[in-house]
Amino acid sequence: MSGALIVLEGGEGSGKSTQVARLAARLERAGHEAVSTFEPGDSELGGSIRGLLLDDTDEPVAPMAEALLMAADRAQHIEVVVRPALERGAYVVSDRFVPSSLVYQGVARGLGVDAVEAINTRATGGLEAAVVVVLDVSEAVAAARVPDARDRMERAGRAFHVRVREAYRELAGPRGWVVVDGSQDADAVEEAVWAAVAPFVDAGSA
């Protein structure tokens, strides 16, 4: 089997970054090349876009502008990070991908899932994740994990983040995303993530 795109999703404070690092390390211990990455911002151009998306601005960011900036970052991310790694047979473990846009801009910002999905189908050239794992945590757990210095998205307000969590749970079933209880200790979450991912990993050396 050649490589695959594996995506970890969830709201702010869900533990994605920790589990991306753990999963990539586990894949490497199993003899695979693993590339850990994130959205938005894991490219030179993407870093500039991330600043526009998450830093304070002098005017509100329109939801459609936010969605298009996310899609622009994603198109560049795929071009310079994701596809080259997949083409050489690596496993790409990404902290966020298209599901984030469906949830944050499609549902929580009210643009509509279909509209945001159409934008991202063009941005990704049809590339899809082999598996999407959603780390689900309660509002209390998330609040305890998010740092005091928060970016624009993290400061979007309680109602927004409640809707984000609801949207992940609502979309997971119809779209085949695997929901994992992210409030467990990190080792338990790692095992649950691995159980979801293992069927998509080359069993010859996993």
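Guide: Welcome! Contact, as used here, means heavy atoms within 4.5 Å. This is a predicted model, where local features need pLDDT of at least 70 and side-chain atom pairs count only at pLDDT 80 or more, while totals for chains, interfaces and linings use all residues. Residues are numbered from 1 along each chain as its sequence is written, and side-chain values use heavy atoms, with hydrogens and water left out.

Visitor: Which residues does Val103 touch, not counting residues up to four places away in sequence?

Guide: Neighbours up to four places away in sequence are set aside. What remains for Val103 is Ala108, Val164, Ala167, Tyr168, Leu171 and Trp177.

Visitor: Which element gives the most to the largest nonpolar core?

Guide: A nonpolar core is a set of buried Ala, Val, Leu, Ile, Met, Phe, Trp, Tyr and Cys residues joined through side-chain atoms within 4.5 Å; buried means under 20% relative accessible area, exposed over 50%, and partly exposed in between (1.4 Å probe, protein chains only). The largest one has 27 residues, and Val103 and Trp177 have the most contacts inside it. At least two residues each come from β1 (5-9), α3, α4 (98-108), α5 (113-124), β4 (131-136) and α7 (158-175). With six residues, the top contributor is α7.

Visitor: How many residues has the other core that lies apart from it?

Guide: This second core includes Val20, Val93, Val180 and Val201. Its residue count is 20.

Visitor: On to charges: how many residues apart in sequence are the parts that Asp95 and Lys16 tie together?

Guide: A salt bridge is a side-chain nitrogen of Lys or Arg within 4 Å of a carboxyl oxygen of Asp or Glu, and Asp95 and Lys16 form one at 3.1 Å, N to O. Helices (H or I, at least four residues) and strands (E, at least two) are DSSP runs, numbered from the N terminus. Asp95 lies in strand β3 (residues 91-95) and Lys16 in helix α1 (residues 16-29), so the sequence separation of the tied parts is 79 residues.

Visitor: Is Glu190 buried or exposed?

Guide: Glu190 pairs with Arg22 in a salt bridge of 2.7 Å, N to O. Glu190 has 12% relative accessibility, so Glu190 counts as buried.

Visitor: Which helix holds Arg74?

Guide: Arg74 meets Glu39 in a salt bridge of 2.8 Å, N to O. Glu39 sits in the loop between β2 (34-38) and α2 (44-54), so the pair ties together parts 35 residues apart in sequence, with Arg74 in helix α3 (residues 63-87).

Visitor: How many salt bridges does the structure hold?

Guide: Some share partners, joining Arg22, Arg26, Asp187, Glu190 and Glu191 into one network. For the structure, the number of salt bridges is 15.
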